[in-house]
Amino acid sequence: MRKLVLFLHASLDGFVEGPNGKMDIGYISYDADLEKHAKEILSTADTVIWGRGTYQMMYSYWSSGPSNPSASQYELDHAEWIEKTAKIVFSKTLEKVDWNNSRLVKENVEEEIKNLKEQPGKDMVILGSPRFAHYLMQLDLIDEYKITVSPVLIGSGLPLFQGIEEKITLKLIENKTFDSGAIGLVYQTVR
């Protein structure tokens with residue numbers, strides 16, 4: 001059975017977006033170590049799960065490759081990976097998705113995720129999409145939480161965890177410390 005993995009970056013005080021919104025991620029201690037860590041995580045997945053907002057943001061940047069002519073090798077590799085990876089977008093408002101290997105799901109979220117878990121393949125990764133992740137947390141559909149915590153306090157923004165009404169027990173299965181002072185945490189949901 002495939003796992004649904006949440007992969008997000010957070011500040012030490014638990015925010016996944018800064019006070020200025022989703023593009024306000026300058027607090028992330030992103031360096032070669034975190035690039036390597038992200039590549040390792042994404043190598044275990046063959047499907048990306050997104051909500052509407054993250055899909056639109058990612059599509060505008062990655063669908064034609066990095067727009068910066070001085071893109072790093074990591075960015076070029078990531079663009080290639082994301083182009084060939086299956087992308088499932090959950091949205092009630094979008095009418096279509098145009099990106100290669102993309103599919104739109106407009107309803108029956110819980111049923112669709114459960115069906116996807118039963119299909120053969122590698123893991124599925126929620127890459128960003130914190131608001132959609134909050135909804136999936138409430139449904140107890142996330143199997144692993146892969147969170148990198150940057151050594152910064154930003155004071156406000158969108159919290160990593162929100163709206164959880166039932167206890168979700170997690171087990172720490174891995175932790176890494178990076179040269180930047182960031183920490184990579186992997187928690188497995190205990191059911």
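**Exercise 1.** Which residues is Thr 189 in contact with, leaving aside its neighbours within four places in sequence?

*Solution.* The model is predicted: local features need pLDDT of at least 70, side-chain atom pairs count only at pLDDT 80 or more, and totals for chains, interfaces and linings use all residues. Residues are numbered from 1 along each chain as its sequence is written, and side-chain values use heavy atoms, with hydrogens and water left out.

Step 1. Take contact as heavy atoms within 4.5 Å. With neighbours within four places set aside, the partners of Thr 189 are Asp 140, Ile 142, Asp 143, Glu 144, Tyr 145, Ile 168, Thr 169 and Leu 170.

Step 2. Place the residue. Thr 189 belongs to strand S10 (residues 183-189); helices (H or I, at least four residues) and strands (E, at least two) are DSSP runs, numbered from the N terminus.

Step 3. Classify the accessibility. Buried means under 20% relative accessible area, exposed over 50%, and partly exposed in between (1.4 Å probe, protein chains only). Thr 189 counts as buried because its relative accessibility is 10%.

Step 4. Look at the side chain. A polar atom of the Thr 189 side chain lies 2.7 Å from the backbone oxygen of Ile 142.

**Exercise 2.** Find which residues of helix H2 (residues 52-62) are buried, and state what covers them.

*Solution.* Step 1. The buried residues of H2 are Gly 53, Thr 54, Tyr 55, Met 58 and Trp 62.

Step 2. Their cover includes helix H3 (73-84) and the strands S3 (45-51), S4 (86-90), S5 (102-105) and S6 (123-127).

**Exercise 3.** Analyse the aromatic pairs that involve Tyr 59 and Tyr 145.

*Solution.* Step 1. Rings of Phe, Tyr and Trp (its six-membered ring) pair if their centres lie within 6.5 Å; planes under 30 degrees apart count as stacked, over 60 as edge-to-face and the rest as tilted. The whole structure holds eight aromatic pairs.

Step 2. Tyr 59 and Trp 99 are edge-to-face, with 5.6 Å centre to centre and 65° between the planes. This pair links distant parts of the chain, 40 residues apart: Tyr 59 is in helix H2 and Trp 99 in the loop between S4 and S5. Tyr 59 is partly exposed because its relative accessibility is 30%, whereas Trp 99, at 4%, is buried.

Step 3. Tyr 145 and Phe 161 form a tilted pair, 6.0 Å centre to centre with 55° between the planes. Tyr 145 is in strand S7 (residues 144-150) and Phe 161 in the loop between strand S8 (158-159) and strand S9 (170-177), 16 residues apart. Tyr 145 is buried at 3%, and Phe 161 is partly exposed at 42%.

Step 4. Ring pairs join Trp 50, Tyr 55, Tyr 59 and Trp 99 into a cluster.

**Exercise 4.** Which residues have a positive phi although they are not glycine, and where are they?

*Solution.* Step 1. Asn 101 has phi near 60°, a positive value in a residue other than glycine. Asn 101 is in the loop between S4 and S5 and, at 38% relative accessibility, counts as partly exposed.

Step 2. Asn 108 has phi near 55°, also positive in a residue other than glycine. Asn 108 is in the loop between S5 and helix H4 (109-118) and counts as partly exposed at 46%.

Technical notes: Polar contact = N/O pair within 3.5 Å; in protein donor to acceptor, adjacent residues only side chain to side chain.
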